[in-house]
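Work through the exercises below with the model on view. Each task is followed by a solution in steps.

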Amino acid sequence: MAEAPPRAMAHSAASCEPRNPGAAPARLDHVAVTIAGARDLPASDPAPLANPGGRRAFAAGTGDTEGMPQLFSPRADRRLRLAMGLGAAALVVLALAAWALARSDRAWGVGVAAPQPIPFSHAIHAGSLGLDCRYCHATVERAASAGMPTAETCLGCHRQVWSVSAQFAPLESALALGSAVPWSSVHRLPEHVRFHHGAHVAAGVQCSTCHGPVEAMPRTVKAETLSMGWCLDCHRAPEAAGIALPASPTAARHEHYGVEVSPLTRCSTCHR
Ligand code: HEC
Ligand code: HEC
Ligand code: HEC
Ligand code: HEC
Ligand code: HEC
């Protein structure tokens, strides 16, 4: 027992020195302590050193010399792992960017004007001239559709004002053909969605809540996305948007029994 520590120290110091001379003293302490408890430890400890390059670690470990050689050096391996990590991160960033783009206002056509047969301006007619919205969108208070002005509505004034201008030709031809003026829409909802202007106007929702400051627009653009999430933001809590719904006895009863309170969030309210 008295002989053992120096032998182990000699062995350990010899095998450690070339690699890490600075750390040798600490290492010796460790060996001296462990050797007292378990003799086999020093043998397993320097084992990795038997294969200094690490290149054929697989074969060396198993004793199988025909085993698969390690194709890549540890450095190349680290690089590959790093590249894979960065690649995965880049994919996640790309997916997030694509998602953000798809949900952006631009993708919903917010702020984008449509080409019109006549360069009509709300800023002139509803702004400067102060015409009421209902003068041209006559059914907005009672029907699903707000209604669009006919050629006669415009020509009532424009037979007198600016009538010689060639830009009114589409109005004259619509009148002659008895057809509607082919205005393009910037607000069209998909076929599967139902909307009703009258219900909203009656509940006190302002035009500007959904359409923005139309009376200041030289060219008509969409001010809100009109996405389902946007509709539901209000339908879930109309009070938050300053709309007081008349208290209904059915709603109170529904609340009491813990069933769905508001029909405003039911799918069938907005979907056919
Ligand atoms: C003198 C007639 C006139 C008046 C008054 C008028 N509009 Fe219009 N409005 C039009 C015409 C014409 C169009 C179609 C051309 C365009 O989009 O600029 C239109 C289009 C719109 C659209 C877009 C419709 C779509 O399908 O995208 C909205 C929203 C709208 N008006 C809201 C209003 C509001 C709100 C007011 C009142 C502040 C108003 N309008 C007053 C004539 C009028
Ligand atoms: C609760 C939101 C909301 C309010 C309030 C609202 N609109 Fe609309 N408006 C819409 C939506 C959504 C559409 C698209 C409807 C569709 O495609 O079926 C639309 C479409 C229109 C159109 C195009 C014609 C049509 O009916 O499809 C006009 C014009 C219009 N609105 C004018 C007005 C005016 C004027 C007011 C105020 C008196 C008003 N809107 C109030 C949401 C609203
Ligand atoms: C109440 C009368 C009145 C009605 C109704 C009316 N307008 Fe006008 N409009 C005017 C006046 C007035 C001007 C000239 C404004 C100015 O020069 O400042 C004008 C100007 C215009 C201009 C020239 C704008 C520019 O770029 O300078 C166009 C285009 C026009 N209106 C189209 C229409 C169309 C389309 C309708 C129907 C949807 C219509 N107007 C309905 C009174 C009217
Ligand atoms: C700012 C609030 C607000 C926004 C935004 C809004 N709504 Fe509403 N909506 C209401 C209120 C309030 C009622 C209930 C009216 C009532 O019951 O008297 C209503 C009722 C309705 C109704 C039932 C009409 C009926 O037949 O009685 C439909 C359909 C509807 N909304 C569709 C939509 C759609 C689609 C959108 C989005 C494009 C939308 N709403 C955006 C407030 C809003
Ligand atoms: C307040 C009105 C409203 C209610 C309630 C509502 N939706 Fe929608 N929904 C819309 C509008 C507006 C659109 C079209 C715009 C969009 O795609 O966001 C839409 C679009 C959709 C789409 C198509 C999405 C796409 O990407 O094309 C599906 C699916 C859908 N709704 C399912 C539902 C289901 C299921 C419910 C009930 C849990 C529901 N909606 C309740 C207004 C509503």
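Helices are DSSP runs of H or I of at least four residues, strands are runs of E of at least two, and both are numbered from the N terminus. This is a predicted model, in which local features need pLDDT of at least 70, side-chain atom pairs count only at pLDDT 80 or more, and totals for chains, interfaces and linings use all residues. Residues are numbered from 1 along each chain as its sequence is written, while chains are lettered from A and ligands numbered from 1 in the order in which they are written.

**Exercise 1.** State where confidence in the chain is lowest and where it is highest.

Solution. Step 1: pLDDT is the predictor's confidence in each residue, from 0 to 100. Step 2: the chain has an average pLDDT of 78, with 69% of the residues scoring at least 70. Step 3: the lowest confidence is in helix 1 (residues 4-16), with a mean of 43, and the highest is in helix 7 (residues 133-136), at 97. Step 4: over residues 1-63 pLDDT stays under 50.

**Exercise 2.** Describe the shell around ligand 2.

Solution. Step 1: a residue is counted as near a molecule or strand if its C-beta atom, placed from the backbone, lies within 6 Å of it. Step 2: ligand 2 is surrounded by 20 residues, and the closest are C133, A146, L189, C207 and C210. Step 3: at least two residues of this shell come from each of helix 10 (197-202) and helix 11 (207-211). Step 4: helix 11 gives the largest share, 4 residues. Step 5: sort the shell by residue type, where Ala, Val, Leu, Ile, Met, Phe, Trp, Tyr, Cys and Pro count as nonpolar, Asp, Glu, Lys and Arg as charged, and the others, Gly among them, as polar. The result is 11 nonpolar, 8 polar and 1 charged.

**Exercise 3.** Do likewise for ligand 5 and ligand 4.

Solution. Step 1: around ligand 5 there are 13 residues, and S227, M228, C231, C267 and C270 are the closest. Step 2: helix 12 (228-236) and helix 14 (267-270) each supply at least two of the shell residues, and the largest share, 4 residues, is from helix 12. Step 3: by type, the shell around ligand 5 has 8 nonpolar, 5 polar and no charged residues. Step 4: ligand 4 has 22 residues around it, of which A199, A203, C231, C234 and A241 come nearest. Step 5: helix 10, helix 11, helix 12 and helix 14 are the elements giving two or more residues to the shell around ligand 4. Step 6: that shell divides into 16 nonpolar, 5 polar and 1 charged.

Key: Contact = placed C-beta atoms within 7 Å.
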